[in-house]
Amino acid sequence: MGYFNCFALGFFVALSLASIDVGVAARHLQQLPPMPTLPTTTLPPFPSIPNLPQPSIPSFPRPGALPPLPTMPTLPTLPSVPRATLPPLPSMPSIPTIPTTIPSIPFFSPPPSPSSP
């Protein structure tokens with residue numbers, strides 16, 4: 001992941017530096033004196049397109065003139081299969097409950113301080 005970030009940063013820097021040259025070139029082109037007008041020439045007219053003969057499209061038979069499709073033969077009926085019954089599922093054992101109270105931590109009393117005479 002770190003390599004990709006380094007590669008992306010390097011690519012971004014290279015692209016930024018390349019665009020600086022484009023900006024300088026555009027400014028240079030704007031500061032040039034105007035170009036002299038070039039002589040124009042007249043173009044010859046386009047040749048006319050000859051009229052080609054149109055091909056004749058053959059006539060196809062109408063959809064109503066087609067013969068009817070053959071009918072599907074009836075399939076034999078399958079005998080009914082007896083349904084299997086599943087035995088009842090065993091009952092699930094109850095899930096033990098998690099205690100929600102935190103037991104208190106016993107605090108021991110400090111040892112008696114030595115008495116000074």
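**Close-up views of a predicted chain**

**View 1. A nonpolar surface patch built from six named side chains**. Leu 9, Phe 12, Val 13, Leu 17, Ile 20 and Val 24 together form a nonpolar patch on the surface, and their joint accessible area is about 610 Å². Patches are made of residues with over 30% relative accessible area and no salt bridge, like charges being joined within 9 Å and nonpolar side chains (Val, Leu, Ile, Met, Phe, Trp, Tyr) within 5 Å; a salt bridge is a side-chain nitrogen of Lys or Arg within 4 Å of a carboxyl oxygen of Asp or Glu. Accessible areas come from the Shrake-Rupley method with a 1.4 Å probe, and for residues only the protein chains shown count as cover.

The model is predicted, so that local features need pLDDT of at least 70 and side-chain atom pairs count only at pLDDT 80 or more, whereas totals for chains, interfaces and linings use all residues. Residues are numbered from 1 along each chain as its sequence is written, and side-chain values use heavy atoms, with hydrogens and water left out.

**View 2. Val 24 in helix α1**. Val 24, a member of the patch, lies in helix α1 (helices are DSSP runs of H or I with at least four residues, strands runs of E with at least two, numbered from the N terminus). Val 24 counts as exposed because its relative accessibility is 54% (buried means under 20% relative accessible area, exposed over 50%, partly exposed in between, with a 1.4 Å probe and protein chains only).

**View 3. Pro 50 in the segment after α1**. Pro 50 is placed in the segment that follows α1 (2–30), and is exposed at a relative accessible area of 58%. Pro 50 and Pro 67 are 17 residues apart in sequence, while their C-alpha atoms are 45 Å apart in space.

**View 4. Val 81 in the segment after α1**. Val 81 is exposed, with 67% relative accessible area, and is 26 residues from Phe 107 in sequence and 74 Å from Phe 107 in space, C-alpha to C-alpha.
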